[in-house]
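The following exercises are intended for a reader who meets this structure for the first time. Each task is followed by a solution that proceeds step by step.

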Amino acid sequence: MGRAVTVAACALNQWALDFDGNLHRILRSIDIAKSKGARYRIGPELEICGYGCSDHYYESDTLLHSFQVLAKLLESPVTQDIICDVGMPVLHRNVRYNCRVIFLNKKILLIRPKISLANAGNYRELRWFTPWSKARQVEEYFLPRIIQEVTEQETVPFGDAVLATRDTCLGAEICEELWAPNSPHIEMGLDGVEIFTNSSGSHHVLRKAHTRVDLVNSATAKNGGIYILANQKGCDGDRLYYDGCAMISLNGETIAQGSQFSLDDVEVLVATVDLEDVRSYRAEISSRNLAASKVNPYPRVKVNFALSCSDDVAVPTCMPIQWRHHSPEEEISLGPACWLWDYLRRSKQAGFLLPLSGGIDSSATACIVYSMCHQVCLAVRNGNADVLADARRIVNDETYVPEEPRELCKRVFTTCYMASENSSQDTCNRAKLLAEQIGSYHINLNIDVAVKAVVGIFSMVTGRTPRFSAYGGSSRENLALQNVQARIRMVLAYMFAQLTLWTRGIPGGLLVLGTANVDESLRGYLTKYDCSSADINPIGGISKTDLKNFIQYCIENFQLTALRSIMSAPPTAELEPLVDGQVAQTDEVDMGMTYAELSIYGKLRKIAKAGPYSMFCKLINMWKEVCTPREVASKVKHFFRMYSMNRHKMTTLTPSYHAENYSPDDNRFDLRPFLYNTTWSWQFRCIDQQVNAL
């Protein structure tokens, strides 16, 4: 009868402007899809050039090279006898569009431009592309000569159309269109489209995966149909980690699930689905059928090809499965670890260096590197030849096989405890024990000689010697003496990153890892150009609360018992003098707020779009059991003073893994001034008036 169709959704680790690598991965995915019997294959958004090209989209080179890759795909024997759906930028009548190019047997069937562009948060598509605004309209697109020579076509359809094969009808969505309130799949489904496809460039955020899954399943729950979602995966050159999760859904239920975190560059998800299941599901939805009778039809591109076989009665079809979601602790363990691996291998460095203080933040960063080593060893055990080749190149040993995470850690991970006269023996011991348990190459050093030299130069020039508050100094002196310690640690971290391997007779350099969490960055509780200044930061988008939960996860899953004492110790910068050999300085006292409060402030400021007055109004209800309105007002004012005073630090923030929607990252996610009137006189006066009224 021709009912069972086999389709493939691909998650590819594409890299911006890596046209050779991107072509290779696309061809591999098509080859795998065909070998599994698929007759239709879809890949991620803009997969030919890589999603994260940013302002390179303005360059004619990006368009030229994308068409050159497309020509290679059209010519390849691998792409024959399967409908291929690939993503690339296309210039049509001097306007740039984000497009899907759908082809079969050296003929382009349709170029489908994106209708709803992603333009919030980390996305800036309207900067480079224009949305297609001509609903259900198709124009002629004149192909460039390099494509005409392959396809022998002069023009092809360009616009909002669907494909009509011999056995079914397919319609495309592109990423953001699934999230839009007027998603195209609604009208397409009413017009008889049975298979919906979506090519995405969707990045990881903690606790976000279920939203994407729910949207895909709900797309076909009310209207029936098959939904195929492909997504980018990995780090393609910036702060985002694209988290795969390719999936195929039928009538509101998931029937195939891809991995969210994986070191596999190419993942192909294949499912066989019965078209009659869609037709019978739609048959009894009377409201849907009434609406369908009045829908405006889509232009149909006829395709003389079938996704099914005529003799398919005995072909097994896929059954619904239960989607398995990772816990937030698992997401922290896996997402940043995969991002670090991509960054390490693509930057062609020899490993990482981490200033390990013995506190929660640097320990959590160390655990993420250890998790990365776990993932590498697991991938090699599972036969991933690409990961093995990368590991051998990184450690400069062509015969090396990573089998045990601690042993790999020793080769690629250097930790360094930088003591001063203000450091306690407790934190030194904690750092050393954790380094032993994860297997890192550990260095202990003391920075007092360098600190005294810098302070000595200042004293020689000015004739004045600054003192800590504990010894009668002013707050200015106290802060300056703390900052010089922190900044010397940054200088030494880069010195050791460049030359540690040299001293051991090993080629290459190390990437320096930063350890400021999202809450400290928001408050500005860090020294500008201290150890928060690094090459990359895997925890810069993660809250202190989530990091504590992650540490507990590592104790239980990696048996890192050294973390128990780190968990129980109060967070401290250890930059002020000890009292009787014990730490007297703690983070929360220094900040004037708790980390739990900081998380709330961050979510209200960014996600709820609350200024000082709105935040006060929300918190007097949220905290009514524990704070008076006057206390809430004092807390809100203190937060906004500190936030605005320190906002300039965000302009130099180390590139961080994006994991939270309240990240203060100044690069493109959270765009704010960095010179504020820190008195907030009008805003705070409104708060005071409300307090007095209450």
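**Exercise 1.** Determine which residues glycine 439 is in contact with, leaving aside its neighbours within four places in sequence, and describe its surroundings.

*Solution.* The model is a predicted one.
Step 1. Once the neighbours within four places are set aside, the contacts of glycine 439 are Arg406, Cys409 and Lys410.
Step 2. In sequence, glycine 439 and glutamate 407 are separated by 32 residues, yet their C-alpha atoms are 6.4 Å apart in space.
Step 3. Glycine 439 belongs to the loop that joins helix H14 (425–438) to strand E19 (441–446).
Step 4. A residue counts as buried under 20% relative accessible area. The value for glycine 439 is 8%, so this glycine is buried.

**Exercise 2.** State where arginine 93 and lysine 106 lie, and decide for each how far it is exposed.

*Solution.*
Step 1. Arginine 93 sits in the loop between strand E3 (83–92) and strand E4 (95–104). Lysine 106 occupies the loop between E4 and strand E5 (107–113).
Step 2. Exposed means over 50% relative accessible area, buried means under 20%, and partly exposed is in between.
Step 3. Arginine 93 has a relative accessible area of 58%, so it is exposed. Lysine 106 has 36%, so it is partly exposed.
Step 4. Most residues other than glycine have a negative phi. Arginine 93, however, has a positive phi of about 55°, and the phi of lysine 106 is also positive, near 65°.

**Exercise 3.** Decide whether the chain is as compact as a globular protein of its length or not, and describe its overall build.

*Solution.*
Step 1. The chain contains 24 helices and 20 strands.
Step 2. Its radius of gyration is 28 Å, and the globule rule gives 26 Å for 694 residues; the two are close, so the chain is as compact as a globular protein of that length.
Step 3. Taken along the principal axes, the box filled by the C-alpha atoms is roughly 90 × 75 × 45 Å.
Step 4. Of the 694 residues, 58% count as buried. Among contacts with a separation of 6 or more, 74% are between residues 24 or more positions apart.

**Exercise 4.** Describe the region that the UniProt record annotates as "domain: CN hydrolase".

*Solution.*
Step 1. According to the unreviewed UniProt entry, this annotation covers residues 5–275.
Step 2. Over residues 5–275 the chain is 25% helix and 34% strand.
Step 3. The end C-alpha atoms of this region are 7 Å apart.

Technical notes. Residues are numbered from 1 along each chain as its sequence is written. This is a predicted model: local features need pLDDT of at least 70, side-chain atom pairs count only at pLDDT 80 or more; totals for chains, interfaces and linings use all residues. Side-chain values use heavy atoms; hydrogens and water are left out. Helices (H or I, at least four residues) and strands (E, at least two) are DSSP runs, numbered from the N terminus. The radius of gyration is taken over C-alpha atoms; the globule rule is 2.2 Å times the number of residues to the power 0.38. Buried means under 20% relative accessible area, exposed over 50%, partly exposed in between (1.4 Å probe, protein chains only). Contact means heavy atoms within 4.5 Å. UniProt positions are given in the numbering used here, feature names are shortened, and annotations may be inferred rather than shown by experiment.
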